[in-house]
Structures are given as structure tokens and as C-alpha cells.
Amino acid sequence: MSSHQGIEGLPNSGGGKIIAVHLNYPSRAAQRGRTPEHPSYFLKPWSSVSSTGGTIERPAGAELLAFEGEIAIIIGTAARRVSVEDAWQHASGVTAANDFGLYDLRSADKGSNLRSKGGDGYTPLGPSVIPAEQIDPAALRVRTWVNGVVVQDDTSDTLLFPFAQLIADLSQLSTLEPGDVILTGTPAGSSVVVPGDVVEVEVDAPTAPGTPTSGRLVTTVVEGTEPFGGFGAKPVVDDHQRIEAWGDAVAAGLPAPAEPLTAASPAEPLDPAVAEQLASVSTATLSAKLRARGYTEVFIEGVHASRPGTRMVGVARTLRFVAYRPDLFAERGNGFNAQKRIFDTVESGEVIVIEARGERGTGTVGDVLALRAQQRGSAGVVTDGGIRDAEQVAAFDLPTFSQGPHPSVLGRRHVPWETDVAITCGGATVLPGDVIVGDGDGVIAIPRALAAEVAAEAVVQEAEDAWIAEQVRGGAAVDGLFPLNAEWRARYESEQGR
């Protein structure tokens, strides 16, 4: 059913704009693993609108039709460049909405959502509109039932971007006209439905006088019979889309992902005494002490400091890039992606370590993100890729280590994929919480559990090495002195008062 006839309170305009917000509930953002800094939107055609009691077709050959229960704002008076303070005055009311989507066509849409969310009947609305003057927009509730079981239940006081902000933001560039609809995002719990399932959505105001409600918006899923033609993209799914559609791997019938390995919490600061010891010794000495324990692959190969004389000590936060692919970059490369998230959340004393697969043919960090890390007190950045804006970054107080400068943007070779997981940077495995030390020789990753004892041993070793160097400057031969034989060691220990 693709008519909005029978939706009480919705102007019978014969058409208008349907604007949908990508992510707006913290519960959904947590499920997706990304929290946007600003709202982002997509359009749905008016022909996708339907009313309660209708059906939605899962096309023949498709697998992943998912519901999204939402609160829909109905615009009552035209809004153009309105302030946040005045924005709600332009709403006539709210109602229930179901932002159905077909994950099988997401790849073909390249992020536009036109085919995946724009089919006939893919935007049920209603059955009634709650007048705006009767409600507090921050005191609404949205619930969704599938076959009588509640699967979504959240409130508008949790929104990342309140309703007034959405109206004001959209009105900056486009006039919102009477009858336009804004779909305000879905909470966690969205999942896949199959033919025969009945999906119900209700919006109400539990604390308002009379507890006004939209009533139940009811939609039944049916199986399509007409196959896709050979003149356009056909449904395509993979395990990633199945997980996105169902909500998690287990619900999708796939193996649960392994929990990320961590040596320590990235938020746990390094003992200041240990940090001071590590700052006083070289990576060469630390490497020798780790090698004696069997740790031979701890040096991050191929990276060097942007500025001579740089020393760095901190606790690892990790960021992993995967090789560029247009569909993956469209999905994860834009907005508040993994790269921006880690630079915007790094804490004092933490080092951002980036796995870029040793690919130096593009920049993996530039001046703006480096400046953000510096402002947050980061102890440094290490990447086995390239750095953009290399001269500006080198001038910052933030220690940076890379394979060298490159002017190209991230999307030439990489997709920002995930943070705070085990990575391989420059041939070395780095876990969140590992201790990262850098100097003129490069960068080394120390397992957190070994940091204190390795640091103490390195301090002792370097004191001994300094004494040996003093003897060499005085004319002594290195045979028997380096390393110390029994005679030289006895002399050394005597001078140290041991």
C-alpha cells in the first residue's frame, strides 16, 4: 500500500519530503559502534508512504528486510533558517513511523538508500498524529512489537540530536514545508522480519495529560513474487550485511566474534615512575631486554620520528585500517568514523598506534587530527603508513612516527575500520594497553605486564653501558670490557659501591 490516505492529521498534500536521520539514539549508535558528531540524513520518496493495516513486500530473491520503529515529526508551517529555540513551533505534531530497509540493496545504493529504503510501502506512518502543542518533544516514547513481542523501547530524552536541532539544521539549506516528514532515528533492537511477520510501532507521551498516543501502526510482511529484472542491480548479501541487518552475529546465525585481546585497559595510566625510567633509556636497550625474554618481534619496522630528537613514552590505543574498497569506504569511511573517534577520545599519556599495512602511499593522519590529539594530551602517534601535512605535524609538540610524508587523503588506499583491538603495525603486534616507547632508533611495543621489570633492567644496563663508554674514552680496549668480563665487572661494582 503506497498511499497516505487514512493517516489522521497528516496533510493530504499529494507529496512532500521525507527526510530520515541515520543515527540518533545512543543505544543504536553503540550497536553500530560509531557515534556521529553531527546529524546526517537521507531522503525517502513520498511514494514509499503507507498507512496502518497495510502490507510490505519483501522482494523475490531478497533476504534482509529490516524494520526500524521511529518517531516521525510532521512539519506544520514553513521553516527556513530557523533557530533551535524557535524550531519546534514549526512542527504540527508527531506520529509513529517504520523506516523499513532492504539490506540486500545497500551495496547498489552506495549510501543513497533510494532503492534499499524507498520501495512502495517502505515508510508506514500513523495511524494518528499527536499535536505538537500537547507534548514535550523530549518526553516521547517509541515502542516496536514483532508478532506481539516488544523488541524496541526507548525515549526521546536520550537522543543525540533533539527534534528542534534537526528542524533548525535542515532548514539552513532547504525550506521545510507543511506536510514534510522527518524520521528521527531508530533505537537499538531493529532486526530482520520475514513474510508472515506483523510489525507494530507506537509513539506516545506517557507523562502528558491524557497520555496521547499515535495508536498502533501495523504492517504485515508478505513475500514478493516478481523477480528482479536483468537491467539493474540485484540483491546481494554477505555476512557483514547480515550482521548489520539482524543486529549482531548471533542473531544472524553466525559465529560470535572473539573478544578483543587486551594486555591492560587503555584507560589505565602508566605508573609515573616506570614512565620516567622508560623515558631515560633507549629503545635499543629495551629491545635487548625483551629479546632475552624471547620477544623478538616488538620493534615497529620502518617508522621514524617527524622531528629529530623526539622521545615518546605512553600507553597504546590502536586503530586498524583495511585496504580501500568503495562500498566499505562509503559505509565506514565518512562521518564520525573510527579514525576520527580515536583522535577525539584519546586521553593524556596514550599513544595512537595505527595499522596501515605498511602502505605509505597515502596519509593516515594530518594536521587537524594531530592537533586534536595534542590538545587532548596524547603522548604520540605511530603509523606504519604516511603522514599528510608533514611539516605542520612535525612542528607540533606531539611526537609522531611514520614511514614519511605523503600528500594523498586516506580514502586513496584505506578504510578506517575499528579501534582498540589487536593490530600489527610495522610487523609488531600491538595490543591496547601495551607500552610504546620511541626515540631516534624507532618505536618499540612492550607487553604491559613486562614494562616495569624491563624498564628497571634497562636503567641498570644503561648505567653500566655509560661506565663502559667512559672507560673507552679513557683509552681502554673493548676486549673484555664490552661485555664486562669478571675482572672488569669486579672493578665496576667496586666503583658503584656494591
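Okay, let's start with the sheet: five strands, open, in the order β4-β16-β15-β11-β12, with mixed pairing. The strands at the edges are β4, residues 54-58, and β12, residues 149-155; each has a single partner, so one side of each is left without a neighbour in the sheet. On average, neighbouring strands here are turned by 20° against each other, ignoring direction. And before I go on, keep in mind that this is a predicted model.

Quick reminder for anyone who doesn't stare at sheets all day: strands pair through backbone hydrogen bonds, and they can do that parallel or antiparallel. We get both here. β4 runs parallel to β16, with 5 bridges between them, and Gly54 sits opposite Thr219 in β16. On the other hand, β15 (residues 198-204) and β16 (residues 217-223) are antiparallel, over 4 bridges. In that pair, Val201 is the residue opposite Leu217 of β16.

Let me stay on β4 for a second. Which of its side chains are buried? Gly54, Ile56 and Arg58, which point to one face. Thr55 and Glu57 point to the other face and are not buried. So yes, there's an arginine on the buried face, Arg58.

Now go over to β11, residues 141-146, and find Thr144. Thr144 has a relative accessible area of 0%, so we call this one buried. What does its side chain do in there? It makes a polar contact of 2.8 Å with the side chain of Gln152. Leaving out residues up to four places away in sequence, Thr144 touches Phe67, Gly69, Val149, Val150, Val151, Gln152, Val199, Glu200 and Val201. Glu200, by the way, also belongs to a network of salt bridges, along with Arg141, Arg143, Glu202, Asp204 and Arg216.

That brings me to charges in general. Side chains of opposite charge can pair when their charged atoms come close. In this structure there are 28 salt bridges, and I've picked three to walk through.

Number one is Glu177 with Lys17, at 3.6 Å from N to O. Glu177 is in the loop between α5 (163-171) and β13 (181-183), while Lys17 is in the segment before β1 (18-21), and the two are 160 residues apart. How accessible are they? Glu177 comes out at 40% relative accessible area, which makes it partly exposed, and Lys17 is partly exposed too, at 22%. If you're wondering about that last call, the cut-off for buried is under 20%.

Next up is Glu350 with Arg317, where the closest N and O atoms are 3.2 Å apart. Glu350 is in strand β20, residues 350-355, and Arg317 is in strand β19, residues 312-323, with their positions 33 residues apart in sequence. Buried or exposed? Both of these residues are buried.

The last one is Asp344 with Arg372, at 2.5 Å between the closest N and O atoms. Asp344 is in helix α10 (residues 338-345) and Arg372 is in helix α11 (residues 367-375), so the salt bridge ties together parts 28 residues apart in sequence. Asp344 is partly exposed at 24%, and so is Arg372, at 35%.

While we're at α10, look at how the helix starts. Asn337 caps its N-terminal end, with a side-chain oxygen 3.1 Å from the backbone nitrogen of Gln339. Gln339 is itself one of the buried residues of the helix, together with Ala338, Arg341, Ile342 and Phe343. What do they pack against? β19, β20, α11, β21 (380-383) and β23 (414-419).

Okay, last topic, the cores. The largest nonpolar core has 33 residues, and the ones touching the most other members are Ile71, Ile73, Trp88, Val94, Ile167, Leu176 and Ile182. Elements giving two or more residues are β1, β6 (69-75), β7 (91-98), α5 and β15. Of these, α5 gives the most, with 6. To see one member up close, take Val94: beyond its neighbours within four places in sequence, its contacts include Ile71, Ile73, Trp88, Val129, Leu140 and Val203. There's also a second, separate core, with 19 residues, among them Leu319, Phe396, Leu398 and Leu410.

That's my tour.

Conventions:
Residues numbered from 1 in each chain as written. Predicted model: local features only at pLDDT ≥ 70, side-chain atom pairs only at ≥ 80, totals over all residues. Heavy atoms only, no water. Pairing = 2+ DSSP bridges. Axes fitted to C-alpha atoms, helices over the stretch in contact; angles between N-to-C directions. Salt bridge = Lys/Arg side-chain N within 4 Å of Asp/Glu carboxyl O. Buried < 20%, exposed > 50% of the residue type's maximum accessible area, 1.4 Å probe, protein only. Polar contact = N/O pair within 3.5 Å; in protein donor to acceptor, adjacent residues only side chain to side chain. Contact = heavy atoms within 4.5 Å. Core = buried A, V, L, I, M, F, W, Y, C linked by side-chain atoms within 4.5 Å.
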